[in-house]
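Here is a short guided look at a sheet and at the place where two chains meet. Have the structure open and turn it as you read.

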Amino acid sequence: MHIPDGILPAQVCAAGYAITGLATWYSLRQINRKPDPSAEIPKASLLTAAFFVASSIYIPVPPASVHLILNGLLGVVLGYFAFPAILIGLFFQALVIGHGGITTLGVNAAMMGIPALLAYHVFQLRNSLGKVLKEPTRTGVFAFLGGAIGLGVAALIFLALIIFNIPAELDAGAERTAVLALSVSHVPLAIVEGIFTAMLVLFLRRVKPELLEG
Amino acid sequence: MRLKLALALALGAVGWALPVLGHGVGMEHRRVSSVEVQARFETGEPMAQAQVLVYAPDDPAEIWQQGTTDDQGRFSFVPDESVPGTWEVVVRQAGHGAIATIPVSDGAGAGAETNNGTGEPAPATTEPSASSVISPNTTLSPVQRSITIGSVIWGFIGTALFFARGKR
C-alpha cells in the first residue's frame with residue numbers, strides 16, 4: 001500500500017514530509033532520553049532489513065494480492081526506534097524495489113510509522129490493562145493487537161488519503177470502489193501480521209526476554 | 001505494488017472502413033498507427049479495469065482521451081499524428097498507477113497513407129512490422145536487482161554488527 005509518485009498533489013506530499021519530520025524529531029528525542037541510546041540499534045537495524053524485504057512478499061487475498069508491511073511488528077518490538085527504522089526502510093524500498101516514491105516518502109512514512117508508534121503503546125498496555133490475563137497469553141494477545149492495529153490504522157490512512165485525493169478528471173465512483181476493495185483485502189493481512197507479531201514476540205520472550213523491555 | 005507498463009507501439013492497421021450501403025457509395029480506408037499500452041502489477045497480474053488518461057503533448061493539462069483497460073490490462077488509442085511529441089498515458093487504479101511517455105513523430109512512417117475507392121482493403125490482421133517499438137525496459141535485470149537488494153540487507157546487518165560490538 002505504498003503510494004507511488006504522481007498520485008498525490010504536491011501540498012499533500014509536503015504535508016507528509018512535515019509530519020514525518022516532526023515524528024522523526026519526537027522519536028529521536030525519546031530515544032535520546034534512554035540511558036544508552038545506541039543499545040537497541042542492532043535490533044532496530046535487523047528489523048529494518050526485515051521490513052525492507054517484507055514488502056516483496058506477496059500474499060494472495062482474492063481478488064487482489066497484498067504484501068506484508070510489518071509496521072505493527074516494528075512498533076511492538078522496537079518502540080520509538082520503529083519510526084526512523086520505517087523511514088529508512090521506505091527510503092531503500094523506493095530506491096531499490098520501486099515501492100512508493102521519493103516525493104511520497106514523507107506521506108508513506110507518516111502513514112506506516114505513526115500507526116507503528118500506536119502499536120507500541122497498545123503493546124505497552126499489557127502491563128496495565130492486561131493484568132487480568134496470565135503471562136504468556138497476555139504478551140501474545142497484546143502483541144497480536146499491536147501488530148494488527150498497526151497495519152489496520154495504516155490501511156485506513158491509506159484509504160482516506162486516496163479517497164480525498166481522487167483527481168477530478170477520474171471516474172470517482174470506480175476509483176472509490178477499487179480502493180475500498182483493496183482496503184478490505186487488508187483485513188486478512190492485519191490478522192496474518194498480528195499472528196506473525198505474536199509468534200515473534202512469544203519467541204523473543206522465551207529466548208531473550210530483555211529485548212522486549214524498552 | 002509497483003506497476004510495469006509494457007508498451008507496444010503497434011504501427012499496424014486499425015482499419016477504418018465505411019460500410020457499403022447502396023449505389024454510388026465510395027469506400028475509403030486508411031491505415032493509422034495505434035498505440036497499445038498494457039499495465040501490469042509487479043506480480044505480473046494484469047491491471048484490469050483501470051482508468052486510463054491520455055494527454056497530448058501540446059496541452060498537458062487537458063485530457064485528450066479517457067478510457068479503461070480491458071481484462072488483460074490493455075488499452076489502445078490512436079494518437080493524432082499532427083501533434084508530434086511525447087504523449088503521456090496515465091494508468092491508475094486504487095491509488096496505484098504509472099505514467100508512460102510515448103514519443104510520436106510527425107506522420108510516423110507508413111501510417112498516413114490514404115486509399116480511395118478501388119484500393120485493396122487493408123489486411124485485417126496487424127502485421128508485425130519492423131517499426132514496432134517496445135519501450136525500453138528501464139528496470140534492473142533480476143541479477144542486478146538481487147545484488148542491490150543483497151547489498152542493502154548486508155548494510156543493515158553490518159550496522160547491527162557494528163553497534164553490537166563495543167559493549168562487553
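## Starting from one residue pair

A good place to begin is B:Val90, which sits opposite B:Ile99 of E8(B). Keep in mind that this is a predicted model. Right beside that pair, B:Val89 faces B:Ala100 in E8(B).

Both pairs belong to the match between strand E7 (residues 85-93) and strand E8 (residues 96-104) of chain B, which are antiparallel and joined by 9 bridges. What do E7(B) and E8(B) form together? They make a hairpin with 2 residues between the strands, and in the turn B:Ala94 has a positive phi of about 50°.

## The other neighbour of E7

E7(B) also pairs with strand E4 (residues 51-55) of chain B, again in the antiparallel sense, through 5 bridges. Two pairs let you trace this match: B:Gln51 is opposite B:Arg92 of E7(B), and B:Val52 has B:Val91 of E7(B) as its bridge partner.

## The whole sheet

Now zoom out a little. In chain B, the strands line up in the order E5-E4-E7-E8, giving an open sheet of 4 strands with antiparallel pairing. Which strands lie at the edges? They are strand E5 (63-68) and E8 of chain B, each of which pairs on one side only. From one strand to the next, the twist averages 20°.

## A helix from the other chain

Chain A comes into view here. Helix H7 (residues 172-184) of chain A lies across three strands of chain B, namely E4, E7 and E8, and runs at about 55° to E7(B).

In total, 28 residues of chain B are in contact with 38 residues of chain A. The area buried between the two chains is about 2,800 Å², with carbon and sulfur atoms giving 66% of it.

## What chain B brings to the interface

Several elements of chain B take part: E4, E5, E7, E8 and helix H1 (142-164) each supply at least two residues of the side that touches chain A. H1(B) gives the most to that side, with 11 residues. By type, the residues on this side of chain B divide into 13 nonpolar, 9 polar and 6 charged.

How many salt bridges and polar contacts link the chains? The count of salt bridges between chain B and chain A is 0. For polar contacts, the count is 1 residue pair, with both residues at pLDDT 80 or more.

How values were computed. Residues numbered from 1 in each chain as written. Chains lettered and ligands numbered in written order. Predicted model: local features only at pLDDT ≥ 70, side-chain atom pairs only at ≥ 80, totals over all residues. Heavy atoms only, no water. Pairing = 2+ DSSP bridges. Axes fitted to C-alpha atoms, helices over the stretch in contact; angles between N-to-C directions. Contact = heavy atoms within 4.5 Å. Buried area = accessible area lost by both parts, 1.4 Å probe. Salt bridge = Lys/Arg side-chain N within 4 Å of Asp/Glu carboxyl O. Polar contact = N/O pair within 3.5 Å; in protein donor to acceptor, adjacent residues only side chain to side chain. Nonpolar A, V, L, I, M, F, W, Y, C, P; charged D, E, K, R; others polar.
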